[in-house]
Amino acid sequence: MRRLLASRIKFHLFGAFFVSVGCAALYKFGVAEPRKRAYAEFYKNYDAMKDFEAMRAAGVFESAPPK
């Protein structure tokens with residue numbers, strides 16, 4: 001029973017470290033990278049003026065009345 005706490009803490013510390021690194025890697029490659037690619041794809045062909053004119057025609061803006 002001697003040094004049981006120290007040995008168990010060492011085991012759990014390494015285990016927690018590897019689990020946290022694994023979760024971070026899963027989040028990065030499972031969520032963050034696909035999200036970055038989706039934003040890049042969206043803004044590759046995005047025309048802000050066309051979108052503005054569509055919202056202006058719909059009457060979304062108070063300061064820019066529809067033509």
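**Exercise 1. Place Arg-8 and state how far its C-alpha atom lies from that of Gly-22.**

Arg-8 is found in helix H1. This model is predicted. Take the exposure of the residue next. Arg-8 has a relative accessible area of 42%, so the residue is partly exposed. Now turn to the distance. Arg-8 and Gly-22 are 14 residues apart along the chain, and 21 Å separates their C-alpha atoms.

**Exercise 2. Do the like for Cys-23, with Ala-64 as its partner.**

Cys-23 also belongs to helix H1. Its relative accessibility is 47%, so Cys-23 counts as partly exposed. Step along the sequence to Ala-64: that is 41 residues. From C-alpha to C-alpha, the two residues are 47 Å apart in space.

**Exercise 3. Describe the overall form of the protein chain.**

Start with secondary structure. The protein chain has two helices and zero strands. Next, set the radius of gyration against the globule rule. A compact globule of 67 residues would come near 11 Å, but the protein chain has 26 Å. Then check the extents. The C-alpha trace spans about 85 × 25 × 10 Å along its principal axes.

Burial comes next. Of the 67 residues in the protein chain, 3% are buried. The accessible surface is about 6,300 Å². Carbon and sulfur atoms account for 67% of that surface.

**Exercise 4. How far apart are the mean positions of the positive and negative charges?**

Count each sign. The protein chain carries 12 positive and 6 negative charges. Take the mean position of each group. These two points are 25 Å apart.

**Exercise 5. Is Arg-56 buried or exposed, and which residues does Arg-56 touch?**

First locate the residue. Arg-56 lies in helix H2, which covers residues 48-58. Then apply the cut-off: buried means under 20% relative accessible area. Arg-56 has 17% relative accessibility, so the residue counts as buried.

Now list the contacts, leaving out residues up to four places away in sequence. Arg-56 touches Phe-61, Ala-64, Pro-65, Pro-66 and Lys-67. Ala-64 was also the partner of Cys-23 in the distance exercise.

**Exercise 6. Classify the ring pair of Tyr-43 and Tyr-46.**

A pair of aromatic rings is described by the distance of the centres and the angle of the planes. The structure holds five aromatic pairs. One of them joins Tyr-43 and Tyr-46, at 5.5 Å centre to centre. The angle between their planes is 85 degrees. Planes over 60 degrees apart count as edge-to-face. The Tyr-43 and Tyr-46 pair is edge-to-face.

Add the exposure of each ring's residue. Tyr-43 has a relative accessible area of 51%, so Tyr-43 is exposed. Tyr-46 has 34% relative accessibility, so Tyr-46 counts as partly exposed. Last, widen the view. Ring pairs link Phe-42, Tyr-43 and Tyr-46 into a cluster.

**Exercise 7. Which sign does the phi of Arg-3 have, positive or negative?**

Recall the background. Most residues other than glycine have a negative phi. Arg-3 is not a glycine, yet its phi is positive, about 55 degrees. Where is Arg-3 found? The residue is in the segment before helix H1, which covers 4-44. Finish with exposure. Arg-3 has 67% relative accessibility, so the residue counts as exposed.

Technical notes
Residues numbered from 1 in each chain as written. Predicted model: local features only at pLDDT ≥ 70, side-chain atom pairs only at ≥ 80, totals over all residues. Heavy atoms only, no water. Helix = DSSP H or I, 4+ residues; strand = E, 2+ residues; numbered from the N terminus. Rg over C-alpha atoms; globule rule 2.2 N^0.38 Å. Buried < 20%, exposed > 50% of the residue type's maximum accessible area, 1.4 Å probe, protein only. Areas by Shrake-Rupley, 256 points an atom, 1.4 Å probe, with all protein chains shown as cover. Lys, Arg positive; Asp, Glu negative; His and termini not counted. Charge placed at Lys NZ, Arg CZ, Asp CG, Glu CD. Contact = heavy atoms within 4.5 Å. Phe/Tyr/Trp six-rings, centres within 6.5 Å; stacked < 30°, edge-to-face > 60°.
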